[in-house]
Amino acid sequence: MTVVLHRIDDRLIHGQVVVGWAAPLGVGFIALVDDQVGASAWEQDLYRMGVPSSVEAIFTTLADGVRRYPEWVADSRRGIVLTGDIETMAGLRQARPEVSHINLGGLHLKPGRRERLPYLYLSDEELKFLVAMDGAGAAVTAQDLPTSAPVPIRALT
Amino acid sequence: MSEPLRGVVVSHGDIAHAMVAAVEQISGVKGALVPVSNTGCDRGSIVTRIGEAVADHPAVVFVDLPSGSCLIAAMQRARDGQVPVVTGVNLPMLIDFVFHRDLSPEAAATRVVKAGADSIKQPA
């Protein structure tokens with residue numbers, strides 16, 4: 001298993017991902033699964049600017065991500081699979097049950113959401129969905145950076 | 001006479017607010033710069049905050065890092081509204097900017113990049 005982190009982060013590829021996680025984990029690739037960015041070469045160029053040359057930035061739509069996931073698992077390099085929302089990660093896990101650990105890295109305030117942790121805002125429905133996903137075998141934890149303690153999703157109920 | 005430029009300073013945390021306060025304290029020019037923080041924002045809401053700060057004014061957007069969520073949001077706003085973006089914001093470039101707000105946005109951006117770069121030195 002070379003995918004060392006499955007992360008949901010609505011800022012996508014940003015400092016916490018590249019500096020906070022990718023560097024200490026020694027990853028060789030970051031695969032961003034996002035329908036919007038996956039279809040926009042212009043946005044891909046922007047996100048690529050934030051990734052060091054030693055790390056490959058891969059951009060896919062959800063459909064392509066599902067197809068390419070086994071390739072990432074078989075990759076000799078360590079990697080991060082990143083989505084910008086819960087729905088996309090849930091879609092990936094539904095198609096690829098081997099997505100067994102999910103990190104909630106940053107979901108910010110939107111209508112209907114409330115603060116669960118300083119970096120994590122969830123609606124009651126989202127929280128319930130994530131708890132159910134955890135109960136179905138995907139360990140779901142919140143952790144913004146490797147230096148902070150992981151918080152099991154069930155501790156937020 | 002055309003409207004003076006507005007500078008929108010976008011940063012992680014409270015850096016933008018502190019920089020704007022410092023420039024106002026040093027230069028005495030108030031209201032020329034608008035701080036925007038990415039705190040509590042997802043990618044869409046940073047773009048919204050920048051858009052509200054720029055509004056319909058001729059402007060230059062200053063960003064702290066040459067990558068990351070602030071830059072991406074600024075570039076998305078810039079593409080929509082022809083607003084130049086400058087990265088690596090520092091106090092010398094902002095101080096230069098507030099005294100040259102009669103330039104075009106592009107000319108001001110070019111000028112402040114030089115002012116900012118020229119300020120980085122290693123005194124003997």
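A:Lys110 and B:Asp42 form a salt bridge in this predicted model, with their closest N and O atoms 3.5 Å apart. A salt bridge here is a side-chain nitrogen of Lys or Arg within 4 Å of a carboxyl oxygen of Asp or Glu. A:Lys110 sits in the loop between strand E5 (101-106) and strand E6 (114-117) of chain A, while B:Asp42 sits in the loop between strand E2 (33-37) and helix H2 (43-54) of chain B, so the pair joins two chains. Helices (H or I, at least four residues) and strands (E, at least two) are DSSP runs, numbered from the N terminus. A:Lys110 has a relative accessibility of 40% and counts as partly exposed, whereas B:Asp42 is buried at 7%. Buried means under 20% relative accessible area, exposed over 50%, and partly exposed in between (1.4 Å probe, protein chains only).

A few notes on reading the model: it is predicted, local features need pLDDT of at least 70, side-chain atom pairs count only at pLDDT 80 or more, and totals for chains, interfaces and linings use all residues. Residues are numbered from 1 along each chain as its sequence is written, chains are lettered from A and ligands numbered from 1 in the order in which they are written, and side-chain values use heavy atoms, with hydrogens and water left out.

**Where the chains meet**

Across the interface of chain A and chain B there are two salt bridges. Besides the pair described above, B:Arg43 forms a salt bridge with A:Asp34, with the closest N and O atoms 2.8 Å apart. The interface also has six residue pairs in polar contact, both residues being at pLDDT 80 or more. A polar contact is a pair of N or O atoms within 3.5 Å; within protein, one must be able to donate a hydrogen and the other to accept it, and residues adjacent in sequence count only if both atoms are side-chain atoms.

On the chain A side, helix H2 (35-38) and helix H3 (41-48) are the elements that give two or more residues to the surface touching chain B. H3(A) gives the most, with four residues. Sorted by class, this side of chain A has eight nonpolar, four polar and five charged residues. For that count, Ala, Val, Leu, Ile, Met, Phe, Trp, Tyr, Cys and Pro are nonpolar, Asp, Glu, Lys and Arg are charged, and the others, Gly among them, are polar.

In contact terms (heavy atoms within 4.5 Å), 17 residues of chain A meet 16 residues of chain B. The two chains bury about 1400 Å² between them, 56% of it on carbon and sulfur atoms. Buried area is the accessible area (1.4 Å probe) that two parts lose on being put together, summed over both. A:Arg11, A:Trp42 and A:Leu46 supply 42% of the area that chain A buries against chain B, more than any other three residues.

**Salt bridges overall**

Over all chains, the whole structure holds 14 salt bridges. Here are four of them.

| Pair | Closest N to O distance |
|---|---|
| A:Lys110 and B:Asp42 | 3.5 Å |
| B:Arg43 and A:Asp34 | 2.8 Å |
| A:Arg77 and A:Asp75 | 2.9 Å |
| A:Arg113 and A:Glu126 | 2.9 Å |

The side chains of A:Arg113 and A:Glu126 meet in one of these salt bridges. A:Arg113 is in the loop between E5 and E6 of chain A and A:Glu126 is in helix H6 (residues 124-135) of chain A, so the pair ties together parts that are 13 residues apart in sequence. Both A:Arg113 and A:Glu126 are buried. Shared partners also join A:Glu56, A:Asp75 and A:Arg77 into one salt-bridge network. Within it, A:Arg77 is partly exposed at 30% relative accessibility, and A:Asp75 is buried at 16%.

**Cysteines**

How many disulfides are there over all chains? The search finds zero, a disulfide being a pair of cysteine sulfur atoms within 2.5 Å. The sulfur of B:Cys41 lies 8.5 Å from the closest cysteine sulfur, that of B:Cys70, which is too far for a bond. B:Cys41 is buried with a relative accessible area of 1%, and B:Cys70 is buried at 0%.

**A covered helix and a buried glutamine**

Helix H5 (residues 86-95) of chain A is mostly covered, with seven of its ten residues buried. Among them are A:Ile86, A:Met89 and A:Leu92. A:Asp85 caps the N-terminal end of H5(A), placing a side-chain oxygen 3.3 Å from the backbone nitrogen of A:Glu87.

A:Gln143 lies in the loop between strand E8 (139-142) and strand E9 (151-152) of chain A, and it is buried at 12% relative accessibility. Not counting residues up to four places away in sequence, A:Gln143 touches several residues, including A:Arg7, A:Trp21, A:Asn103 and A:Tyr119.
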